[in-house]
There are 2 protein chains.
Amino acid sequence: MLNESDLEFTKKHLSFWDKLNEDEKKLIINNTNKIKYNKGEILHNADNECLGLVLIKTGGLRVYILSEDGREVTLYRLGNGDSCVLSASCILNNITFDVVIDAEVDTEVLLLNISTFSILNKNNIYVENFSYKNTVDRFSDVMWAIEQILFMSFDKRLATFLIDEMSKTKSTEINLTHEQIAKYLGSAREVVSRMLKSFESKGILKLSRGSIQVLDKEKLRELLI
Amino acid sequence: MLNESDLEFTKKHLSFWDKLNEDEKKLIINNTNKIKYNKGEILHNADNECLGLVLIKTGGLRVYILSEDGREVTLYRLGNGDSCVLSASCILNNITFDVVIDAEVDTEVLLLNISTFSILNKNNIYVENFSYKNTVDRFSDVMWAIEQILFMSFDKRLATFLIDEMSKTKSTEINLTHEQIAKYLGSAREVVSRMLKSFESKGILKLSRGSIQVLDKEKLRELLI
């Protein structure tokens, strides 16, 4: 059951809200719950039952694919106000691939349960349209990630990632382990460590346990040219 | 302008047809043209103006991405009765990536021009829904291709490709060059040639100029285990 402030948040972020009739609005209000996930917790994977429509209130989620031998490739990351439809992919017949979704940080989501979302998606063309549109948005994110992985040399990819992180956190200190960065970039820890050390030797950054201090933003940007 | 038989074909394959009013149906009939593309011809790329909604009557199209240094990675292939929305991606704001589309063989398409498709897509929620749904279908195709490229060892990928080709053409002879196969698999010609020769040495197939004769389907299938 949604409280007043969560209802406002939902109205703001689910673009189909105005296209719902009163009964449909009540269905959402009565079947949405707030759930907290701890950092690292897995919300959804191939074995899990289907979760429902996820709307992120605070925190962030990471969506990735997993090879049989345990390699992870991050497809995209979601933050406050983003909604996630792939956590309800079981009701979308044309989504035939599996992803894993975990919490990057402690995260609070509003979850519309799968049975209610399924009813709305089937009966209201605007909800169905929202589901597809949201998935096409993510398709664009995935294509960007894939082009990076397939086409961009690794030093540029790592530099791009560090610049993005700095602008996201508004800080020159990046508090991620080499292992985490490797996961985001679909690479191996050893490769990330080697490249970071090479950046350090050029005076671009300083490494310490669990954190990276960027010293020379300009030199980092020059790698992208 | 659509003739009677092409109109029947269009009605059958554009799932939104029954949701159009009479004016909208007339718009489609008057603004769809039959176009022939020769094998190898490029229909659409990042520089091209936006083409419109493509419905394949006969032949086949290949959709791929291209790196700055000219590497191609095939995302998916389309055949008779398939429609292609990415050739109209300029009117879909949330598709932010570029693809190249070329004719794999001599191909005949029905093309609904971009201005008409744009009007219908904006004014009719069922057309918009078709566009998104079609794109989500392709998203699933792309994820399959990407998982193959990132996770599957190359011998398995090549074996999978040869088995798919045999079942598609219902023949044990595959009339493709090593260069073409490399493009389909996002690999290099040298890598394909080396692996095919290794298959030949195991008695799985016989190579000759421009064609591959599969001799032992069972051994090929065993590679997938």
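Which residue of S11(B) stands opposite Ser208(B)? It is Ser211(B), and we will come back to that corner below. This is a predicted model, in which local features need pLDDT of at least 70 and side-chain atom pairs count only at pLDDT 80 or more, while totals for chains, interfaces and linings use all residues. Residues are numbered from 1 along each chain as its sequence is written, and chains are lettered from A and ligands numbered from 1 in the order in which they are written.

**The two chains**

Let us begin with the pair. Chain A superposes on chain B with an RMSD of 0.1 Å after a rotation of 180° and a shift of 0.0 Å along the axis; the fit is by least squares on the C-alpha atoms of residues with pLDDT of at least 70 in both copies. That relation is the one of a two-fold axis. Both copies use the same surface, as 100% of the contact residues of chain A recur in chain B. Here two residues are in contact if their C-beta atoms, placed from the backbone, lie within 7 Å.

Each side has its count: 24 residues from chain A and 24 residues from chain B take part. On the side of chain A, helix H4 (residues 125-151) gives the largest share, with 16 residues. Helices (H or I, at least four residues) and strands (E, at least two) are DSSP runs, numbered from the N terminus. The chain A side holds 13 nonpolar, 6 polar and 5 charged residues. For that split, Ala, Val, Leu, Ile, Met, Phe, Trp, Tyr, Cys and Pro count as nonpolar, Asp, Glu, Lys and Arg as charged, and the others, Gly among them, as polar.

Phe151(A) is placed in helix H4 of chain A. Setting aside neighbours within four places in sequence, Phe151(A) contacts Ser67(B) and Arg71(B). Phe151(A) counts as partly exposed because it has 16 C-beta neighbours inside 10 Å. By this count a residue is buried with 20 or more other C-beta atoms within 10 Å of its own, exposed with 12 or fewer, and partly exposed in between.

**Helix H3 of chain A**

Helix H3 (residues 114-123) of chain A has Phe117(A), Leu120(A) and Asn121(A) buried. These residues lie on the same side of H3(A) because they cover an arc of only 100° around the axis, taken from the directions from the helix axis to the C-beta atoms. Their packing partners in chain A are helix H2 (22-31), strand S3 (52-58), strand S8 (107-113) and H4. Lys122(A) and Asn123(A) are exposed on the face turned away from the buried side.

**A sheet in chain B**

Now back to the serines. In chain B, 3 strands make an open antiparallel sheet in the order S9-S11-S10. Strands pair if DSSP finds at least two bridges between them. The edge strands, S9 (173-174) and S10 (205-208), each pair on one side only. The table lists the two pairings.

| Strand pair | Bridges | Sense |
|---|---|---|
| S10(B) and S11(B) | 4 bridges | antiparallel |
| S9(B) and S11(B) | 2 bridges | antiparallel |

Leu205(B) has Val214(B) as its bridge partner in S11(B), and Glu173(B) has Gln213(B). The hairpin of S10(B) and S11(B) leaves 2 residues between the strands, and Gly210(B) there takes a positive phi near 75°.
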